[in-house]
Amino acid sequence: MALLSFLGAIQQVTGSCYLIESRDGAKVLLECGMRQGRREEEEGNRAPFPFDPLSLDAVVISHAHIDHSGLLPKLVGAGYRGPIFATDASCELMELMLLDAAQIQEKDTEWENKWRARLGKPPLSPLYTTEDADQALKQRRPQAYAQPIEVAKGVQVTFHDAGHILGSAIVELQVQDHHLTRRLVFSGDLGNTCSPLMHTPTTLDRADLVLLESTYGDRDHRNSDDTLDELAEILQQAHRDGGNVLIPAFAVGRTQDLIYYLGRFYQEGRLPQQAVFLDSPMAIRANAIYSRFQHLFDPDDHAAIADKPARRIEDWLPILRCTPTPDESMAINRVKSGAIIIAGSGMCTGGRIAHHFKHNLWREDCHVVFPGFQARGTPGRAIVDGASTVKMLHQRIAVKAQIHTLGGFSAHAGQSQLLDWVSHFDHHPELYLVHGELEKMQALQQALRERLNWIASIPEPGEQIAI
Ligand SMILES: [Zn+2]
């Protein structure tokens, strides 16, 4: 029998990693994600892999988010030289994400080593370098959706659209073990059926074993029309108050959704602001990749904004101004009213949003809109939780601006959408819940039992099962 090991994103949401070993000797790593969040969790990224990287035949990645792909350069740094399979669009986005992650690793280590030197401690080396990331990118093997490919002897992989971010996939694996074929389906991150541009996640009906993500296993999201009305109302109020609107957003996915929504508001005459600045070099590069892959968008949502593919998705919003250079970014500081500023980072842990906070957060006429999840311990979370000041760029800034959170923009399926997706499988395959905090998994486990009469297991970190 083949073996499946649950190595990462077990009872938590980051660090996705699973290992499949067939009795015929094929060894495939599914996901190579980075752990993110609290410091102790991030320290876990430094631990050696619990397998020999040189023994792997292939690596398969569901999508480009760092918590699914972010340790690929480390794997390559440890000697892995085999293929890395992902969809075409994921391969392109990975270039953006991995090079950025490597630069962050290098910069953070350089900074930390300055402190360590003064304390007489030996320097640390970065988790990985730009060189490792470059090498990992050379090992990519881009694939189309719905095309089975043999990734290792007796292991066939098919990617299906997961509708989460551009290029995201549900991974179907057929593992041949002597004469027995087992079909394993990994949900990856499943998209919110309400999110614009992306398709509804593909449903599958056959599997022996399913790994199901459970990020929002305990709740349903607000209806997207309500969320959009709420955003439109905030923008109207900000216009009446006269200040700017700041939107901290993630470069890949959320930013493109925002451009789409603001473009629709513009067309409908619901956008009172005079200018929208996109102040994130990474988001601007991600836009270029989204523009190239417009054939992957949901045609209905796309038709609502353009009757044919735009040359660039920026064209959806004629008042959008991209500011890639530091000079252009600094020039925004002179704009005191009537602008929307979208900048990274999404959780306000650094990046250009910090500079815009310095100029706007203390002003009562400004508004801040958080369209995404803010993790515990981040400045974004402190602001959402009502802190009266936050420390940013080595100084304390008063929080006087009006703060809003929009819950309905999640890129993940809510509980009912997860139940609906999994209900398409015939004959109740074995079901394992992954990629979620324990309480969310337990809520989903209970809903599965009550609504579908289906028993799901919650694996322990490092647990190994026969498949
Ligand atoms: Zn994701």
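**Two helices and a parallel sheet**

In this predicted model, helix H7 (residues 254-267) packs against helix H8 (residues 281-292) at an angle of about 75°, and their axes are 9 Å apart. Angles of 65 to 115 degrees count as roughly perpendicular, so H7 is roughly perpendicular to H8.

Which residues make the contact between H7 and H8? H7 contributes Thr255, Gln256 and Ile259. H8 contributes Ala283, Ala286, Asn287 and Tyr290. Sorted by class, the contact has four nonpolar and three polar residues. No charged residue takes part in the contact of H7 with H8.

Now follow H7 to the strands. H7 lies across S12, strand S13 (275-279), S14 and strand S15 (339-343). Relative to S15, H7 runs at about 160°.

Those strands belong to an open sheet. Six strands form the sheet, and their order is S14-S13-S15-S12-S16-S19. The pairing is parallel. Strands of a sheet pair through backbone hydrogen bonds, either parallel or antiparallel.

Where does the sheet end on each side? Its edge strands are S14 (320-322) and S19 (402-405). Each of these edge strands pairs on one side only. From one strand to the next, the twist averages 20°.

One pairing can be followed down to residues. Strand S12 covers residues 245-248, and strand S16 covers residues 367-370. Two bridges join S12 to S16, and the two strands run parallel. Which residue of S16 is the bridge partner of Val245? The partner is His367.

Definitions and conventions. Residues are numbered from 1 along each chain as its sequence is written. This is a predicted model: local features need pLDDT of at least 70, side-chain atom pairs count only at pLDDT 80 or more; totals for chains, interfaces and linings use all residues. Side-chain values use heavy atoms; hydrogens and water are left out. Two strands pair if DSSP finds at least two bridges between them. Helices (H or I, at least four residues) and strands (E, at least two) are DSSP runs, numbered from the N terminus. Axes are lines fitted to C-alpha atoms, for helices over the stretch in contact, and angles run from 0 to 180 degrees between N-to-C directions. Contact means heavy atoms within 4.5 Å. Angles under 35 degrees count as roughly parallel, over 145 as roughly antiparallel, 65 to 115 as roughly perpendicular and the rest as oblique. Ala, Val, Leu, Ile, Met, Phe, Trp, Tyr, Cys and Pro count as nonpolar, Asp, Glu, Lys and Arg as charged, and the others, Gly among them, as polar.
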